[in-house]
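User: I would like to go through the contacts in this model one at a time, with the criterion behind each term set beside the value. Please take the questions in the order in which I ask them.

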Amino acid sequence: MNFSKISEQSLPGHVAVIMDGNGRWAKQRRLPRVEGHRRGVRAVNACTEAARRAGIRSLTLFAFSSENWKRPADEVSALMSLFVQVLRVQQPRLLKYDIRLRVAGDTSVFNPELRDLIAETEQATSGCRGMTLTICANYGGRWDIAQAVRRLLWEEPLAASHPEMIDEESIGRHLALDWAGDVDLLIRTGGESRLSNFLLWQSAYAELYFTPELWPDFTEKSFLAALRWYAGRERRFGLTSEQVASGALPSGRGF
Ligand code: IPE
Ligand code: IPE
Ligand code: MG
């Protein structure tokens, strides 16, 4: 696939994806929901490789939300097994493509096998610099903000007696994805137009791209279409269009 038509400055630095629609994809084919999740793994690979080829610095995928525990027990356990399987199989590919894997979310509740595998994969790929792939597992945007404030007070106890020290910058420093920064482009597949508690803080100024395509059908071409759409947006961060055109945005903001 040719990415040359999108100039480097028009590429988002951080792309986040709500991978939705696996269940409906399976239902349309009279297959069990878990089959949709299995096929979704192929889309994860396609999207990751497309992002890497395009030169995206950070790709963040929503794999399991804090609310997804409420699903039927067999679906939850199938999703956990799939996560283990994916981590086992993907390690060589991550190394081959120079992709650093990180997991964000409350992983303390996962079983020891999964926790060990996460730690091992993070460690094995820690020297990779081509792109950072963050998997959000047992993640919720509200959980993230709450844990950031807790950690801030824990690590900087002075802040407890000096609340004026608690500001956007200090909370931001303790967020789960401090390595990825703000989201530039947020993609949601599956046709819903909502955030479902994903990266609430980090998406404050994200461009939101909603596509009806179901996640297992998502391909490199779909990813490229989202990048093209993004390249046509004017990000203003509260300024006027004229100000943006005259270069008033602080560096690191916008294109
Ligand atoms: C997204 O697909 C995957 C997870 C939430 C783990 P869904 O399973 O939500 O698929 P739909 O929305 O029911 O089609
Ligand atoms: C969001 O999808 C979570 C993930 C993609 C992991 P959901 O399917 O859980 O979201 P809702 O319930 O439709 O809002
Ligand atoms: Mg869904």
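User: What makes the pair between Asp-20 and ligand 2 a polar contact?

Analyst: A polar contact is a pair of N or O atoms within 3.5 Å (within protein, one must be able to donate a hydrogen and the other to accept it, and residues adjacent in sequence count only if both atoms are side-chain atoms). In this predicted model, a polar side-chain atom of Asp-20 lies 3.1 Å from an oxygen atom of ligand 2, so the pair meets the cut-off. Polar side-chain atoms of Arg-71, at 3.2 Å, and of Ser-196, at 2.6 Å, also lie at such distances from an oxygen atom of ligand 2. Taken alone, ligand 2 exposes 390 Å², of which the protein buries 77%; accessible areas come from the Shrake-Rupley method with a 1.4 Å probe, and for residues only the protein chains shown count as cover.

User: How do you know which distances and residues may be used here?

Analyst: Because the model is predicted, local features need pLDDT of at least 70 and side-chain atom pairs count only at pLDDT 80 or more, while totals for chains, interfaces and linings use all residues. Side-chain values use heavy atoms, with hydrogens and water left out, residues are numbered from 1 along each chain as its sequence is written, and chains are lettered from A and ligands numbered from 1 in the order in which they are written.

User: Why are ligand 1 and ligand 2 said to sit in the largest pocket?

Analyst: A pocket is found on a 1 Å grid over the protein atoms alone, as an open set of points with protein on both sides within 12 Å along at least five of seven lines, and its lining residues have an atom within 4 Å of a point. A molecule sits in a pocket if more than half of its atoms lie within 2 Å of its grid points. Ligand 1 sits in the largest pocket, and ligand 2 sits in the largest pocket as well.

User: What makes Asp-20 a contact of ligand 1?

Analyst: An N or O atom in the side chain of Asp-20 is 2.9 Å from an oxygen atom of ligand 1. A polar side-chain atom of Arg-71 lies 2.7 Å from an oxygen atom of ligand 1, whereas for Asn-22 a backbone N or O atom lies 3.1 Å from one. Taken alone, ligand 1 exposes 380 Å², and the protein buries 87% of that.

User: Which element gives the most to the shell around ligand 1, and which to the shell around ligand 2?

Analyst: Helix 1 gives the most around ligand 1, with three residues, and strand 2 (residues 58-65) gives the most around ligand 2, with four residues. Helices (H or I, at least four residues) and strands (E, at least two) are DSSP runs, numbered from the N terminus. Asp-20 lies in the loop between strand 1 (14-18) and helix 1.

User: Why can the "active site" residues be said to gather at one spot?

Analyst: UniProt, in an unreviewed entry, lists Asp-20 and Asn-68 for "active site". They span 49 residues in sequence, yet no two of their C-alpha atoms are more than 12.1 Å apart, so they gather at one spot. The lining of the largest pocket takes in Asp-20 and Asn-68. UniProt positions are given in the numbering used here, feature names are shortened, and annotations may be inferred rather than shown by experiment.

Definitions and conventions:
1 Å grid on protein atoms, 1.4 Å probe; cavity = no way out; pocket = protein on both sides within 12 Å on 5 of 7 lines; lining within 4 Å.
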